[in-house]
Amino acid sequence: MIYNERDLRQAQALDIAQKMCVAARTAPKGKGVDIVECAVLDGDEQETLACAMEAIGKERGHRFFLRDAGCVRQSLAVVLVGTRAKAQGLNCGRCGFATCGEKPASVPCEVNAVDVGIALGAAAAKAADYRVDTRIMFSAGVAAEHLGLLGEDVGQVYAIPVSISSKSPLFDRG
């Protein structure tokens, strides 16, 4: 049997996206507490994400949301990474408040934010291992968070579209 590479791209992108989630999950955590959440989107959910990006971009006047929505549509899958809100009880002051008890619920714990960054780096590195095109997107993460795609209590969401093509729609764009 002959398998044309073009016919395998979607399955390969999903497989790699799943491996990116494994890398994000196993990435080191600042205090060793696992508060990172990950998921993979494709198909209808990916289109829903792109539509939400356009709506938010128009509402806020951020043209890059509209541009990035096109990139999400051209990708084969999207990895989402975010964090459940949990003050780590370190009273480190890195959030701008002297103690975790003084920190308002609307202010993210800095340790959680760093954990998301480490998880994103691990996921992007795994994608690089397979030489697929990716780009970490704030815009798609905001839309995913708005839609509650990782859960209502998950914030600081970022997205990583995954593309397998001869020209990257994530960087070779107008």
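Visitor: Hi! Let's start with E37: what is its relative accessible area?
Guide: Hello! In this predicted model, E37 has a relative accessible area of 22%, so it counts as partly exposed.

Visitor: Where is the place of E37?
Guide: E37 sits in strand β1, which covers residues 36–41.

Visitor: And which residues is E37 in contact with, leaving aside its neighbours within four places in sequence?
Guide: There are R25, L80, V81, G82, R84, L150 and V154. Take L80 from that list: E37 and L80 are 43 residues apart along the chain, and their C-alpha atoms are separated by 7.9 Å.

Visitor: Nice. L80 caught my eye. Which residues in the largest nonpolar core touch the most other members?
Guide: L80 is one of them, along with L49, M53, V72, V78 and A140. That core has 22 residues.

Visitor: Which elements each supply at least two residues of this core?
Guide: Helix α2 (43–60), helix α3, strand β2 (77–84), helix α5 and strand β4 (154–163) each do. The largest share comes from α2, with 5 residues.

Visitor: Why would nonpolar side chains be together like that?
Guide: As a general tendency, nonpolar side chains in soluble globular proteins are buried together.

Visitor: Okay, zoom in on M53. What is M53 in contact with?
Guide: Leaving aside neighbours within four places in sequence, M53 is in contact with F65, D68, A69, V72, S139, A140 and A143.

Visitor: What about a second core, how many residues are in that?
Guide: The second core is separate and has 21 residues, including I16, C38, V79 and I160.

Visitor: Switching topic: aromatic rings! How many aromatic pairs are there?
Guide: The count comes to 3 aromatic pairs. In one of them, the rings of F65 and F138 have their centres 6.3 Å apart and their planes at 85°.

Visitor: Why is that pair edge-to-face?
Guide: Ring centres must lie within 6.5 Å to pair, and planes over 60 degrees apart count as edge-to-face. F65 and F138 have centres 6.3 Å apart and planes at 85°, so they fit that description.

Visitor: Which parts of the chain does the pair link?
Guide: Distant ones: F65 is in helix α3 (residues 63–74) and F138 is in helix α5 (residues 138–147), 73 residues apart.

Visitor: Are those two buried or exposed?
Guide: F65 is buried, with a relative accessible area of 0%. F138 counts as partly exposed, at 44% relative accessibility.

Visitor: Which residues form one aromatic cluster?
Guide: F64, F65, F138 and Y158 form one together.

Visitor: Now helices. At what angle do α1 and α4 pack?
Guide: Helix α1 (residues 5–26) and helix α4 (residues 110–129) pack at an angle of about 145°, and their axes are 7 Å apart. The way α1 passes α4 is a right-handed crossing.

Visitor: Which residues make the contact?
Guide: From α1 there are I16, K19, M20, A23 and A24, and from α4 there are A119, A122, A123, K126 and A127. Sorted by kind, the contact has 8 nonpolar residues, no polar ones and 2 charged ones.

Visitor: I16 again, from the second core! Let's stay in α1: what does A13 touch?
Guide: Yes, I16 is in that second core too. As for A13, which is found in helix α1, its contacts are L76, A77, V162 and I164, not counting residues up to four places away in sequence.

Visitor: Is A13 buried or exposed?
Guide: A13 counts as buried, at 0% relative accessibility. Its C-alpha is 9.8 Å from that of Y130, and the two residues are 117 apart in sequence.

Visitor: And E5, how far is its C-alpha atom from that of C109?
Guide: Those C-alpha atoms are separated by 44 Å, with the two residues 104 apart along the chain. E5 is in helix α1 and counts as partly exposed, at 41% relative accessibility.

Visitor: Last one: which residue has a positive phi of about 50° although it is not a glycine?
Guide: N91 has one, and its place is the loop between β2 and α4. N91 counts as partly exposed, at 42% relative accessibility. Q156 also has a positive phi, near 50°, and is not a glycine.

Visitor: Where is the place of Q156?
Guide: Q156 is in strand β4, and it is partly exposed, with a relative accessible area of 22%.

Definitions and conventions. Residues are numbered from 1 along each chain as its sequence is written. This is a predicted model: local features need pLDDT of at least 70, side-chain atom pairs count only at pLDDT 80 or more; totals for chains, interfaces and linings use all residues. Side-chain values use heavy atoms; hydrogens and water are left out. Rings of Phe, Tyr and Trp (its six-membered ring) pair if their centres lie within 6.5 Å; planes under 30 degrees apart count as stacked, over 60 as edge-to-face and the rest as tilted. Helices (H or I, at least four residues) and strands (E, at least two) are DSSP runs, numbered from the N terminus. Buried means under 20% relative accessible area, exposed over 50%, partly exposed in between (1.4 Å probe, protein chains only). A nonpolar core is a set of buried Ala, Val, Leu, Ile, Met, Phe, Trp, Tyr and Cys residues joined through side-chain atoms within 4.5 Å. Contact means heavy atoms within 4.5 Å. Axes are lines fitted to C-alpha atoms, for helices over the stretch in contact, and angles run from 0 to 180 degrees between N-to-C directions. A crossing is left-handed if the near helix is turned anticlockwise from the far one by less than a right angle, and right-handed if clockwise. Ala, Val, Leu, Ile, Met, Phe, Trp, Tyr, Cys and Pro count as nonpolar, Asp, Glu, Lys and Arg as charged, and the others, Gly among them, as polar.
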